[in-house]
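Let's take a quick tour of the pockets and one helix packing in this model. Have the viewer open as you read.

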Amino acid sequence: MSIHVFSATATLIDQLKIECTSRDFSIVLDEPGKRDNGSGGMTPLEALLSAIGACKCIAAKSFAKSQKIDLIDIKIEMDGEIDTDGFYGINKEAKMGFHKITCKYYIQANNYDEEIEEFVNFIERTCPVLDTIINTPELSNEIHIIKQ
């Protein structure tokens, strides 16, 4: 077994704007307010959908040759459906997160349709981000209280 640890940090910048960093990279995530049409970045849920789509694209590109797929181009559109009544406390029975995620593959490859369909099934089995969602990892918390 070869264990590798990935690390990331989320830090509050202002209001609901968060700077997320990992290694030497950063992105800003935000949640637009009810009165605010603008936003400083993707919402965390949009970032999650993007991470799933990006991981599937990376898996496709990484394994196309070994799976005998002549991949020319790939685009993946992700849609997530959520009942926000759960988050806002309106409906205590509503699921907090997505209740449905739809993935639309747009693949250009010099292969038969059946081969591409088998390849998509391979991608679904190979994507670590998707696997993390489907097969929930052990979660733990450490609380570090900073006194002023």
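What follows covers two pockets and then a helix pair, all in a predicted model.

Start with the pockets, side by side:

| Pocket | Volume | Lining residues by class |
|---|---|---|
| Largest pocket | about 990 Å³ | 19 nonpolar, 6 polar, 1 charged |
| Second largest pocket | about 530 Å³ | 11 nonpolar, 4 polar, 3 charged |

The largest pocket has 26 residues in its lining, and Phe6, Ala8, Ala47, Ala51 and Val129 sit nearest its centre. Several elements chip in: β1 (9-14), β2 (17-22), β3 (25-29), α1 (44-63) and α3 (128-134) each bring at least two residues to that lining. The top contributor is α1, with 7 residues.

Now for the second largest pocket, which has a volume of about 530 Å³. Its lining counts 18 residues, and the ones closest to the centre are Glu31, Leu45, Ile82, Thr84 and Phe87. Here too α1 gives the most, this time 5 residues.

Since α1 keeps turning up, how does its axis cross that of α2? Helix α2 covers residues 113-126, and the two axes come within 9 Å, crossing at roughly 120°. That angle is over 115 but not over 145, so α1 and α2 count as oblique to each other. The crossing of α1 and α2 is right-handed.

As for who touches whom, α1 puts in Lys56, Ala59, Ala60 and Phe63, while α2 answers with Phe119, Phe122, Ile123, Glu124 and Thr126. By class, this contact has 6 nonpolar, 1 polar and 2 charged residues.

Terms used: Residues numbered from 1 in each chain as written. Predicted model: local features only at pLDDT ≥ 70, side-chain atom pairs only at ≥ 80, totals over all residues. Heavy atoms only, no water. 1 Å grid on protein atoms, 1.4 Å probe; cavity = no way out; pocket = protein on both sides within 12 Å on 5 of 7 lines; lining within 4 Å. Points joined across faces, edges and corners; volume = space filled by probe spheres on them. Helix = DSSP H or I, 4+ residues; strand = E, 2+ residues; numbered from the N terminus. Nonpolar A, V, L, I, M, F, W, Y, C, P; charged D, E, K, R; others polar. Axes fitted to C-alpha atoms, helices over the stretch in contact; angles between N-to-C directions. Parallel < 35°, antiparallel > 145°, perpendicular 65-115°, else oblique. Left-handed = near helix turned anticlockwise from the far one by under 90°. Contact = heavy atoms within 4.5 Å.
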